[in-house]
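This report describes selected features of a structural model, moving from strand pairing to a metal site. The sequence and structure are shown first.

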Amino acid sequence: MEFYKLSAKEIADGVRGKKWTAKEVLTSFLTRIKTCDSKLNAVVTLCEKNAHEDAKKLDEAIARGETLGLLAGVPFLVKDNFCTDGIRTTCASKMLHDWIPSYDATAIKNMKMAGAILMGKTNMDEFAMGNTTESSIFGPTLNPRDLTRVPGGSSGGSAAAVAAGYCPIALGSDTGGSIRQPAAFCGVQGMKPSYGQISRYGIVGYVSSLDQIGPITRNINDMAIVMDVLAKADENDSTCDAYDRPSFSAAVKKTDLKGKKIAVLTGFDKECVDKSLLDAINTTVQFCCEAGAEIIEVNLPTANKHAVACYYMIALGDASSKLACYDGMRYGYHEDGKNLFEMYKKSRNKGFGNEVRRRILIGTCILTRGYYENYYVPAVKVRQMIADEYADLFKTVDALICPISPTLPYKKGYVEDDSATIYLRDVFTSTANLAGLPSISLNVGFTPEGLPTNIQLLGPRFDDENLLSIASVIENYAGSPSVADLSVEGVL
Amino acid sequence: MKRQVVIGLEIHLQLKTMSKLFCSCSTDYIGAIPNTNVCPICLAVPGSLPLLNDRAVELAVKLGLALHCDIQDNTRFHRKHYFYADLPKAYQITQFEYPIAAGGYVDIIVEGKHKRVHLDHLHLEEDAGKLVHQTSDGRLSGAAHSFVDYNRGGMPLSEIVSQPDINSSAEAIAYVEQIRQLARYLKVSDGEMESGSLRADVNISLSNNDGSLGTRVEIKNVNSLKSIERAIEYEIARQNKALDNGEKLIQETRLWDDATGVTRSMRGKESASDYRYYLEMDLAPIEVKPEYIKKIYQSLTEMPWEKRDRFIEQYKISLEESQQLTEQLEIANYFEECVKEGASPGKSANWIRSEVQSILREQKIDIINFQVSASELGKLIKKIDNRDISNTQAKDVLSAMLDKNLTLDNALEECGAITGRITGEALEIIIKKIIGCESETAEIIRSGQDIKGAKIKFLQGLVMRETRGSADPIEVLNILNVKLN
Amino acid sequence: MIKKMIMDETRLKEVLELSKIGLPETEFKEVLDRVNGVLRMCDEMQELNFANTRSFEWNIKKACPRRVDSPKKWDKRDAFLNQAPVRDGDFFRVPRIIALDEDNELIGD
Ligand SMILES: [Mg+2]
Ligand SMILES: [Zn+2]
């Protein structure tokens, strides 16, 4: 049985219907990972023993005739910044290389409670800072669609894993696009839910007000199921909103977009966006029209012009704060010093990689006297302006379509030098985090060379089910991406 | 010209909650094994998030209301950044721009004079851990290491920041005492400087000749009322001397060294400090709606200063007496119960302030652990009031109750202090003996020269003493009258 | 008031101290270029009219939830301490900090 090609729903249905056992499914996926990953390097830690135990328990429960969760027997992987009880959680950094948390993140708990089986942890940019998954101490992950290219980042390992058929579901975290951009690069579907939708408890923090975790899958239906599992109030996270969530899987049953008004973003430099990605937007717009939606064009001047600057200020400022706890004392990398501050400096210097240290420095600078008033404070105001701009838009519009990344997946080791492209790299994804909006990265096809093309969908705050519903209609037209053919790539 | 002393105080009170400010660890940390009252949140374990303690908010609001502050809705927490071994996140979650209670004041009395000290605000924040230089098994750390215990880390604190309304060390002490008394009355904090549940930082400056404020110096590490006083006096002298010599003072933090009695500059250490305050986005705004505030307001009992004034009014005692009696709520309650038994307020006040207090000091106990109940003491004092027994006898009775663990009745019995026990013939024999010994006085009375009755009262006193109070004084008087008229 | 700021070497040294990060002097220029690049990118943001704009303060609907005040013991304490790089018995160990007293306010060498 080629389990790796199945959706999460198909696997769970089969487990529940006793067509196959959780153990069979798990073994098959573990074998695939072990066969392929020496090349792809998407997984940094496998927890086979725990996974087998969980699968065994699940099979026993089935034998006893117990009712099972939505994801019964579905194996999954998570980014290595999710705390996992008894399993090392490294953030792909020397700083946490040997650190073993003694608790599960709420997301992990909820997945397990739904019957999903945790197989291991995926590669990422160190401390989620980057968009290529090349800054990991475990080395870069390769893009399963084209091994010469990066999988995007920072949740590159999770996106690559889903594209490679390691699992039907992987979880990532998204601070400024870290789920959506790698999902786009790897040709899978990724979602950053509304801020406050899913508990952040147990996710190694980067930016308190921007971080949100979410699913990476190969179809919107699976994504909605994962949302049903993860989107719950949590007493361990004061920022996880306590409202009654709708059924997300019920929202993805629609087949048309009648009565929906969908906006398409304009006002950015189209010269800097890859033509195939602009084409993807046009094709999507056509699908939407066919499905009965009304299309309008909108310009969001503040977001277009200032989002990246605003994002940098807020993200780096907070990162410098959140990463201050790594002092080499209670956990993490330690170096002796002749006094306290020397111990801190040595531990932090050697424990953090280059990019992380650079970002901490910039962030610290931004929060110091003078810079704070002149840069951070304006950024916090711009953030409100951007949030208002979106709130105004969504008074009359159901969703916004725009690009994710201006480019197709970069070649490995590629360094952008065109500043306009660098700016656009973050501008489309960071706004959703700044304004707390739900956003989906949707694969809508592939270039003739086999590189994935995609669009981004944004919706109003806490209207994640509406966004999923629109995404599923578009997906019906475009088709959901299949598993990357690793035999062509020479991985298998 | 004499420069005026201008002082502002920051008082940190540990709030009496069961669990810490942002986590469920126990607050019962004194004497606990190091690093046992800890969890992922107060150890800053990656992935943990702060969870606000409801009771801490309630206590802060309560204290704020008692201090006449405006309680603010929608207040926020900020992060205050600095690296130190006792601060696991490398930032302290505190309130900065939006404290939960703003304004307010405290009235103090110094040398009989009333004074109002205005407050800037009161805010909530978390405490830091503790550094130890010796391990629990007694090993001295030598030169190489210090040790960190996070049991105290994350304890809830309310920081009360006064305006620079204080002008002497005596006022500073009175202010701290008033806050401490209030905290104890409200049961929001133990307010003990010895154990660190009350800590104060002193900001002090001398006003310039033109009346403008001078350079402000902050003094930390003043761990007792005495050291607050000494540190302030030292700093006044130091600053005056420097200014007299034409030196310029610098704005700085100085540490009080109790052993040597000087303040020392922390310069160099803090010069690079920039706390980089910004909003704590892991916690939403704190909601305190009017109904919530009202409920807490209604739960407030009599304030210590209200009680003090009422005692003066109701029991006709002096300010000093009332201050002493109301200093501790438990003593004030003891006094009132005593009076309720019918004992006179004046005598009860005296007894509690002298006898009882000295016993408490001697036994090193609080009034709630005092063996003699308020009602027993009240009954005893009532006997003095009724002249059933003498003051001296009452003291004997009290000693008997304490030393031999007797009830009041048994102690009275033991001391033979039961009125009318010696009566009739037995009493007449004693009186005859006294008259015999005091024949001169007796003669004066017989000759009708004791117009004011002082002499006969003198003899009555001698009889009472002789009988150790066991006679009925009226009967004594009657017999004396019969025998001498 | 628009104030364009740059970071120079003096400031960088202060920031290194504040963030407890070390940086060889050979890398100063690269980092300064990067920081100043970010600041330049943000200059334009300062030109916006903020007259009617409040600061972004919160992004969920509810007020801060409050936990019931009841103590709970953490049962993973030993597992955690076992992993600490500088554990010493029940303590975490740090280089000697010179304090004036037991209560040790900020002072070290
Ligand atoms: Mg403070
Ligand atoms: Zn704790």
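## A sheet shared by chains B and C

Val148(B) has Phe92(C), in strand 2 of chain C, as its bridge partner. The model in which this pairing is found is predicted. Strand 9 of chain B, residues 145–149, and strand 2 of chain C, residues 91–95, run antiparallel to each other and are joined over four bridges.

These two strands belong to an open sheet of four strands, ordered 8(B)-9(B)-2(C)-1(C) and paired in the antiparallel sense. At its edges lie strand 8 (130–132) of chain B and strand 1 (87–88) of chain C, each of which pairs on one side only. In general, the strands of a sheet pair through backbone hydrogen bonds, either parallel or antiparallel.

## Met329(A) and its contacts

Met329(A) is located in the loop that connects helix 10 (301–322) with helix 11 (340–351) of chain A. Is this residue, Met329(A), buried or exposed? Its relative accessibility is 0%, and Met329(A) therefore counts as buried, the cut-off for that class being under 20% relative accessible area.

The contacts of Met329(A), leaving aside residues up to four places away in sequence, involve three chains. In chain A, Met329(A) touches Met343(A); in chain B, it touches Ala85(B), Val148(B) and Tyr150(B). In chain C, the residues touched by Met329(A) are Ala84(C), Pro85(C), Val86(C), Phe92(C), Arg93(C) and Val94(C). Both members of the bridge pair Val148(B) and Phe92(C) are thus among the contacts of Met329(A). Met343(A) is 14 residues from Met329(A) in sequence, and the C-alpha atoms of the two residues are 8.8 Å apart.

## Chain C as a whole

Chain C contains three helices and two strands, which follow the pattern α-α-α-β-β along the sequence. Of its 109 residues, 44% count as buried. The accessible surface of chain C comes to about 5900 Å², and carbon and sulfur atoms contribute 51% of that area. Among the contacts in chain C with a separation of 6 or more, 35% are between residues 24 or more positions apart.

## Strand 1 of chain B

Strand 1 of chain B spans residues 5–14, and ten of its ten residues are buried. Val5(B), Ile7(B), Leu9(B), Ile11(B) and Leu13(B) point one way from the strand, while Val6(B), Gly8(B), Glu10(B), His12(B) and Gln14(B) point the other way. The residues of both sets are buried.

Strand 1 of chain B has two antiparallel pairings described here. With strand 11 of chain B, residues 198–206, strand 1 of chain B pairs over nine bridges, and Asn203(B) in strand 11 is the bridge partner of Gly8(B). With strand 10 of chain B, residues 156–162, strand 1 of chain B pairs over five bridges; there Gln14(B) stands opposite Leu157(B).

## The zinc site in chain B

Which residues coordinate the zinc ion (ligand 2)? Cys23(B), Cys25(B), Cys39(B) and Cys42(B) do so, each through its SG atom, at 2.3 to 2.4 Å. In sequence these donor residues have the spacing C-x1-C-x13-C-x2-C.

The angles among the four donor atoms are 99 to 116 degrees, and the site of the zinc ion (ligand 2) is tetrahedral. The ideal angle for four tetrahedral donors is 109.5 degrees. Two of the donor residues are also described by their accessibility: Cys23(B) counts as buried because its relative accessibility is 2%, and Cys25(B) is buried with a relative accessible area of 3%.

Terms used
Residues numbered from 1 in each chain as written. Chains lettered and ligands numbered in written order. Predicted model: local features only at pLDDT ≥ 70, side-chain atom pairs only at ≥ 80, totals over all residues. Heavy atoms only, no water. Donors = N, O, S within 2.8 Å, 3.2 Å for Na, K, Ca; no water. Tetrahedral: all angles 85-135°; square planar, octahedral: opposite > 155°, others 65-115°. Buried < 20%, exposed > 50% of the residue type's maximum accessible area, 1.4 Å probe, protein only. Contact = heavy atoms within 4.5 Å. Areas by Shrake-Rupley, 256 points an atom, 1.4 Å probe, with all protein chains shown as cover. Pairing = 2+ DSSP bridges.
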